[in-house]
Each structure stands twice: as structure tokens, then as C-alpha cells.
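Let's take a walk through this structure together, going from strand to sheet to helix. Have the sequence and the 3D view at hand.

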Amino acid sequence: VKAKTAEHVPYGASVRHVSSGTERLEVDLRSALTMTACRSALNGDEAKLEKYFPAAQRSKAADNFRHATLFDMASEYVRSRGIQTLGLTRDQIAICAMFGPEKAGIRAAAGGAAYHGSGSFSNLTLDAVNKSMMIGYQEVPATWRGPMKQGQSATDFKNIHRMQLGAIPNLPIWNDSVRPDMASMADGKATYAVECRSIGIDFGYKLIVNDDMSALTSTPMKLGDAAARTVNTVAWAQVTSNPTMRDAQALFLATAAGLRFRKNLTTGAGAPSSSTVGALKALMRLMRGENTPEGTESSDILNLTPSYLVVPATLETTAEVLINSIYDPASTGAGTFNATRSLRLVVEPLLDAASTTAWYLFAEPTRVETVEVTFLAGQETPQVREVRDEHTLASTYYVLQSVAAKALDHRGIQKHDGA
């Protein structure tokens, strides 16, 4: 008689095969829990399910548990450990699944699979929590991406020193009998540090007793949503707070001041239109390079062009009509070219809290630094940490992400007060 292979052994058929059976069940349950979490978070969108949890990563037997409840899965897990669940209360089964038979006040069968930290049922839910959280994080629009730059990730929480490299000046005439002139880099620097942000949720044994699958689906997804909004909040706060720059001037200035010779703030009424956008575009094009060592304005015109029109939610429809119209909406004549159609629209409701009328033009951050967003290395996306508390009979999942933002250069951003 051929020996049964591990894949054909029932999950808890005998003491001889319980180890391989339990290991297979763990794989199947982990996959089933993750699929359930993803399907719920994605509202059953199978195309997106393939994106977040590809079929190649799923257990083939996971679909056997597609209609199983959380308590059903926990019970099957306990039985696979050689524990007879007949006669046990729902509380005992739930506690046993998460923390082992001793905590549940029952005795495991002799030879049953051992309980250990990496093998408890709560550990099998970690992938489901993490996937659900990542779906929430990635499905939220990250409006800072595009207008702003993602900096090199920080290795620790110490201050980050970003050297402000001046724009390379126009090339002077070179007499090949001498060494060419050397470009001088500005010696100013921006200093900031990433900060850790975190929040946790408890996954107690009562959630299994109550068959509360939302603990693995909706709640982690909302945590991911919150993490994405937090990064957006940190980034756009650099715009709405109008911080002081390295030249001791505010990010946005309506008139020249100090060593700042060009304005990037236009005051007065003016919603986004071909004329108001055109005026700000001209101001951005005429921005100059770094000042000379003597403190005078550079003669180098940078010819920066805006790529993004950034508006608060209040101006969303106005901006959509403007940049999506084939012809200039403000023109009374037919066939007038709409010069704003090349702009990409970014709508950020965080801006409304500061002003419902102010709007912005951003240049490509690859051409000139605007706002930089930096993460701690390894936390470019939120991370989930699990802490098991045997006193409260709960597992706590902490979602954490370390991030910071800093406005580095005023020349790639133009602001219109709009009122």
C-alpha cells in the first residue's frame, strides 16, 4: 500500500499525520482568511482581487472555506490540533484557537500538535489584516504624488539635511587655455526628521465567538485609509501652513523681500481661468536661478513650466470645465485655443480647510524641487505589528508608518489667493 502523501492526509486524521495535516490547514486557512478580507474590502471585485492577492499566491484548497464563518475556521483549526471540540463552549474554542488549550481550561489530546507563537489562529489572521489594510491604503488617492517629490528614505529618526543645490547657471564662454569656470552650489540646507505615527486595534477572542469577520476586513481597511490620509495631511500641511524657507522668507510671497526677488503669490479675486492660469504660468517661467555670491539676482531664467493645477474641492468643477474644454470656456469667440488643457488636475479637500478660493500651479518636481515627502526605510507603506496579550486574551495589531515632509524650493510653486 502506497503511503499517503501530505496533500491527501485529512487535516487531523491521526496522530501519525496530524503534523502535516495541521501545516496544510494553516496554509489553507491563512489563504482563505486573506481572500475573505480582500473580497470584502474590494466589494467582490475579482479583477482587483487578482491585483492584491494573485491566484498564484493562494492555496488551491482555500476556496473550500469560502462560505465558512470565522468561528467555523477557528473550530476546524482547534480540531486539527487533536482537540475534541464536542462539548466545548464557543468561548473555550475561541480562546483555545488563539492562546492554546491551557488558557481555555481544557486538556489537549496526547500527541496533539503543539501550540506555539507562530502557529496560533490569531497569527493566521495577520496576512488578512495586512492585505485589508494595504487595500485601504492604496485605494485612497495619494494627491501628493505628482506635484511633490518622494525623497530618499531615511535610515533613522535623526535630522535629515537636504542640501539646496542651486540651479546650474548658463554656460559661460570657455577659453580652452584655462580651466573652465566651476558652478557654485548654494550652501543652504533644509533640516527635518521623520516621525513615527501609529494606531492599534484589538482582535479579541470574543470576535471569534461573535463571528465578527469585519475585524479582519472593514476595520483594517479603514486603518489603511487613515494611514494614506495621514501622509497626504503631512504633505499638504507644508503648502497650507506657508512655512519659513531657508532664505528666511515664507514659502509664498506676494512681493519681493529680502533676498527673494520674484513673487509666487498673486492676491485678489481670480478663480482658475485661461487668463489667471496664464499670468501664473508667466511668473513661473521667469523664475531665476540661485542668487549670486554677492546676493544679487541671477541672470539665468529657468523657464519652468507648470504641470499640475491643484485646487480645493470647492473649485473642482470649475477646474474640470477649464482643463477639459477643447476651447477656452471664457472666450466669446468660437474656436479659441484652450491653453490650460496640458495641465493635470489635482483636487485636494485638505486645502479647503485653509482656503476655499486659493489654488496652485506646480512644476514637475524632477525639474525643480517643490515639497519633499520622506519615509523611514522599510516603512514606505504602512507596516503591521502584532502583540499578543494573554492577560486580556486579545491580539493587538498596530499599524505604523514614519513620514515627514518639507518645502524645499518656492520657485516651482505658484499660488493664487482667488479672493
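In this predicted model, a good place to begin is the pairing of strand β8, residues 359-363, with strand β12, residues 413-418: the two run antiparallel and are joined over four bridges. To find your bearings in this pair, look for W359, which stands opposite H416 in β12.

Now widen the view to the sheet around them. β8 and β12 belong to an open sheet of five strands with mixed pairing, in the order β5-β12-β8-β6-β7. The edges are formed by β5 (265-269) and β7 (344-347); each has a single partner strand, so one side of each is left without a neighbour in the sheet. On average, and ignoring direction, neighbouring strands here are turned by 20° against each other.

Next, the helices. Helix α10, residues 274-285, lies across β5, β6 (306-311), β8 and β12, and runs at about 40° to β8.

Helix α11 covers residues 316-324, and its buried residues are A319, L322 and I323. Why do these three line one face of the helix? Seen down the axis of α11, the buried residues fall within an arc of 80°, so they share one face. The spacing fits a simple rule: an α-helix has 3.6 residues a turn, so residues three or four places apart point the same way.

What does this buried side pack against? The buried residues of α11 meet α10, β6 and β7, which brings us back to the sheet and to the helix lying across it. Turn to the face of α11 directed away from the buried side, and you will find the exposed residues T317 and N324.

Definitions and conventions:
Residues numbered from 1 in each chain as written. Predicted model: local features only at pLDDT ≥ 70, side-chain atom pairs only at ≥ 80, totals over all residues. Heavy atoms only, no water. Pairing = 2+ DSSP bridges. Axes fitted to C-alpha atoms, helices over the stretch in contact; angles between N-to-C directions. Contact = heavy atoms within 4.5 Å. Buried < 20%, exposed > 50% of the residue type's maximum accessible area, 1.4 Å probe, protein only. Arc of directions from axis to C-beta.
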